[in-house]
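Welcome, and please keep your viewer open for this short tour. At each stop I will suggest a selection and then tell you what to look for.

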Amino acid sequence: MSSSTVEPTLPPPDRNPEPPPREAHFARNQHDPGAGRRPLRRLTGMADLVDAHAVALLRATVGIVFVGFGLLKLFPSASPAEQLAVDAATKMTLGLVPETVLLLSLAALETAIGIGLIVGRRLLRPALVAFFLHMGGVFSTLVLLPDAMWQPHSPAPTMEGQYVVKNVVLVAVCLVVAANEWGRRPRPRRRTA
């Protein structure tokens, strides 16, 4: 018995093969040296756009937070910081102002600060001054209400203390906004004929 094996024959190679779609993309990029930089240019353009509007974006986001927190204080028990704010404000005013007046005043102040930050223009500087004064009051709760702010026998803040301490982020943002605003040259006033 003789056995013979037949080898399969392959078709002749194609002289100009079409690369698959993915390979075609890489082949095009090899011929176009600037093609690989296009996504980088898009990112750079996006970075330029963000850079041009970064301060306005920071200003608006803190403004939205303040409007939200201020509006919450208008509705009884809607704000998780309501009692904390009232207790601290009561201590600061030596108990001379009724709690409802304090709460409505805080709601109005926070909402006004938020609107001033969002709108900007002539409202921005007064809003920033009010913001920093308000933050002074907020951080004073760490000293005025130590039992509510700090865990016993520990330097760790309570949940309420963490609620206050997280405001350092808002202070940092508004420092950037204030530096940008107060670092600008005053605009020349238009003369009216």
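Before the first stop, one definition: two residues are in contact when heavy atoms of theirs lie within 4.5 Å. Bear in mind, too, that this is a predicted model.

**Stop 1: helix 3**

Select helix 3, residues 82-92. Which of its residues are buried? They are Glu-82, Leu-84, Ala-85, Val-86, Ala-88 and Ala-89. Now bring up what covers these buried residues: the cover includes helix 4, helix 5, helix 6 (146-149) and helix 7 (159-165). Before moving on, click on Leu-94, which follows helix 3 and has a positive phi, near 60 degrees.

**Stop 2: the salt bridges**

How many salt bridges does the structure hold? There are 2 salt bridges to visit.

Start with the side chains of Glu-110 and Lys-73, which meet with an N to O distance of 3.0 Å. Glu-110 belongs to helix 4 (residues 99-119), while Lys-73 sits in the loop between helix 2 (38-72) and helix 3, so this pair ties together parts that are 37 residues apart in sequence. Both partners, Glu-110 and Lys-73, are buried.

Next, select Glu-181 and Arg-125, another salt-bridged pair, with the closest N and O atoms 3.1 Å apart. Here the link runs between distant parts of the chain: Glu-181 is in helix 8 (residues 167-182) and Arg-125 in helix 5 (residues 124-144), 56 residues apart. Turn on the surface and compare the partners: Glu-181 is buried at 9% relative accessible area, whereas Arg-125 is partly exposed at 35%.

**Stop 3: Val-177**

Stay with helix 8 and pick Val-177, which is found there. Is Val-177 buried or exposed? Its relative accessibility is 1%, and a residue under 20% counts as buried, so Val-177 is buried. Show its contacts next: leaving aside residues up to four places away in sequence, Val-177 touches Val-55, Leu-58, Arg-59, Leu-124 and Leu-128. For a distance label, try the C-alpha atoms of Val-177 and Ala-54: they are 9.5 Å apart, although 123 residues separate the two along the chain.

**Stop 4: a nonpolar patch**

Finally, go back to the surface and colour Ile-64, Ile-115, Ile-118, Val-119 and Leu-123, which make a nonpolar patch of about 420 Å². Which helix gives the largest share of this patch? Helix 4 does, with 3 residues. Ile-64 comes from helix 2, and this residue is exposed, with a relative accessible area of 56%.

Key: Residues are numbered from 1 along each chain as its sequence is written. This is a predicted model: local features need pLDDT of at least 70, side-chain atom pairs count only at pLDDT 80 or more; totals for chains, interfaces and linings use all residues. Side-chain values use heavy atoms; hydrogens and water are left out. A salt bridge is a side-chain nitrogen of Lys or Arg within 4 Å of a carboxyl oxygen of Asp or Glu. Helices (H or I, at least four residues) and strands (E, at least two) are DSSP runs, numbered from the N terminus. Buried means under 20% relative accessible area, exposed over 50%, partly exposed in between (1.4 Å probe, protein chains only). Patches are made of residues with over 30% relative accessible area and no salt bridge: like charges are joined within 9 Å, nonpolar side chains (Val, Leu, Ile, Met, Phe, Trp, Tyr) within 5 Å. Accessible areas come from the Shrake-Rupley method with a 1.4 Å probe; for residues, only the protein chains shown count as cover.
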